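Here are some notes to read alongside the structure. Take them one at a time, and look for each residue on the model as you go.

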Amino acid sequence: MWRSGLRQRVKELLMILPPCSFLPPSPSPSQRFAFTKKPLLGLANASLCSPGTMSTATNLDGIFKQKQVLRSKVRKSLKSMDPSLRSQEDDAIQSLVLEAPWFKSSQRLCAYITCSALREVDTSKLLSQILQNPTKDGSVENAKKLYVPRVEDKNSHMRMLNISSMDDLIANSMDILEPAPVDQHGNAREDVMQANDPVDLFLLPGLAFDKSGRRLGRGGGYYDTFLRKYQELAEERDWRQPLLVALSYSLQIIDDGAIPVTLNDLPVDVLVSPAGVIPISQAALNRMQI
């Protein structure tokens with residue numbers, strides 16, 4: 001466990017430190033959000049050749065410690081959450097998503113499979129709606145295509161594979177449901193990174209969020225790594241960037257700025273909680289009007 005954490009910390013350190021140059025880093029898809037224009041704890045312009053390298057490493061170490069403290073706090077809150085309240089909030093969040101214009105208009109989605117042991121917001125109703133084929137009116141015109149995560153190793157490598165039914169899922173070694181790499185006919189499942197058409201939105205889990213779009217994951221880096229690769233793919237193919245939608249219980253939303261971040265941490269476009277839908281990026285505001 002500690003070796004995996006060390007590898008992740010080294011990986012993020014390398015990602016936030018640019019080459020030995022004082023030129024600013026080139027813009028990435030994640031920098032399209034207004035709040036990312038603010039300096040992220042003074043790390044954005046750090047250089048391996050600068051005198052402040054040791055200071056930067058110290059700051060990074062402090063960020064990881066802050067994240068761990070925050071994760072521990074949120075996990076305890078989730079563990080003590082009343083089951084009836086959890087169920088009510090699950091229903092409220094899923095209803096809000098189902099009625100959202102950006103969900104109704106979407107054709108291809110990536111979504112996580114809820115793991116009760118991780119106390120994530122339930123997605124069962126959403127997945128049922130997405131997998132509904134044909135649609136209620138008997139047509140397939142508005143049917144949606146779904147991709148769900150499959151973890152490949154302990155080095156933040158995750159794929160998103162297409163499924164057509166919940167029966168396509170199997171439990172992994174951690175007892176988390178994920179798609180088998182091949183279907184019942186022995187054919188490889190479609191990988192979203194090899195798909196011919198773009199994904200419209202991602203439904204994302206997390207431990208904590210704020211209303212400026214910051215997201216605290218569980219520390220593995222799987223989603224941030226995958227999302228960055230997909231954003232780069234969308235940019236290369238001149239596709240519209242997918243909408244990143246986070247699902248959150250009320251207690252998971254904390255004060256703005258309280259979540260420490262590095263340049264490896266991608267912000268979300270939309271935050272959905274029982275209190276409502278919070279559009280964060282301009283892309284979210286545009287799609288709210290669809």
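The points below start with the whole chain and then turn to single elements and residues.

1. First, a reminder: this is a predicted model. The protein chain holds seven helices and 11 strands. Buried residues account for 45% of its 290 residues. Its accessible surface is about 15,000 Å², and carbon and sulfur atoms supply 54% of that.

2. Next, look at how the chain meets itself. Among contacts with a separation of 6 or more, 73% link residues that are 24 or more positions apart. Try picking a residue and following its partners along the sequence.

3. Now for the inside. Nonpolar side chains in soluble globular proteins tend to be buried together. Here the largest nonpolar core has 60 residues. Which of its members touch the most others? They are Trp102, Met160, Phe202, Tyr230 and Leu247. Helix 6 gives this core its largest share, six residues.

4. Met160 deserves a closer look. Setting aside neighbours within four places in sequence, Met160 is in contact with ten residues' worth of names you can check on the model, including Cys110, Tyr147, Val148, Glu190, Phe202 and Phe226.5. Phe202 brings us to strand 6, residues 201-204. In a regular strand, side chains alternate between the two faces of the sheet. Leu201 and Leu203 lie on one side of strand 6, while Phe202 and Leu204 lie on the other. Are these four residues buried or exposed? All are buried, and both faces of the strand are covered.

6. Strand 6 also has partners on the model. Strand 1, residues 108-111, runs parallel to strand 6 and is joined to it by three bridges. One of the pairings to look for is Leu109 with Leu201. Strand 9 runs parallel to strand 6 as well, with four bridges between them, and Phe202 stands opposite Leu244 there.

7. Helix 3 covers residues 83-99, which is 17 residues. From first C-alpha to last it reaches 25 Å, close to the 24 Å expected at 1.5 Å a residue. Its buried residues are Arg86, Glu89, Asp90, Ile93, Gln94 and Val97. Why do they fall on the same side of helix 3? They cover an arc of only 130° around the axis, so they share one side. Gln88 and Glu99, on the other side of helix 3, are exposed.

8. Ser248 sits in the loop between strand 9 (243-247) and strand 10 (270-273). Buried or exposed? Ser248 counts as buried, because its relative accessibility is 0%. Apart from neighbours within four places in sequence, its contacts include Ile93, Val121, Phe209, Leu271 and Pro274. Ile93 is one of the buried residues of helix 3.

9. Finally, compare two residues that are not glycine but have a positive phi. Ser156 has a phi of about 65° and lies in the loop between strand 2 (145-151) and strand 3 (158-163). Asp238 has a phi of about 60° and is found in the loop between helix 6 (222-236) and strand 9. Their surroundings can be told apart by accessibility: Ser156 counts as buried because its relative accessibility is 4%, whereas Asp238 is exposed, with a relative accessible area of 70%.

Terms used: Residues numbered from 1 in each chain as written. Predicted model: local features only at pLDDT ≥ 70, side-chain atom pairs only at ≥ 80, totals over all residues. Heavy atoms only, no water. Buried < 20%, exposed > 50% of the residue type's maximum accessible area, 1.4 Å probe, protein only. Contact = heavy atoms within 4.5 Å. Expected span 1.5 Å × (residues − 1). Arc of directions from axis to C-beta. Areas by Shrake-Rupley, 256 points an atom, 1.4 Å probe, with all protein chains shown as cover. Core = buried A, V, L, I, M, F, W, Y, C linked by side-chain atoms within 4.5 Å. Pairing = 2+ DSSP bridges.
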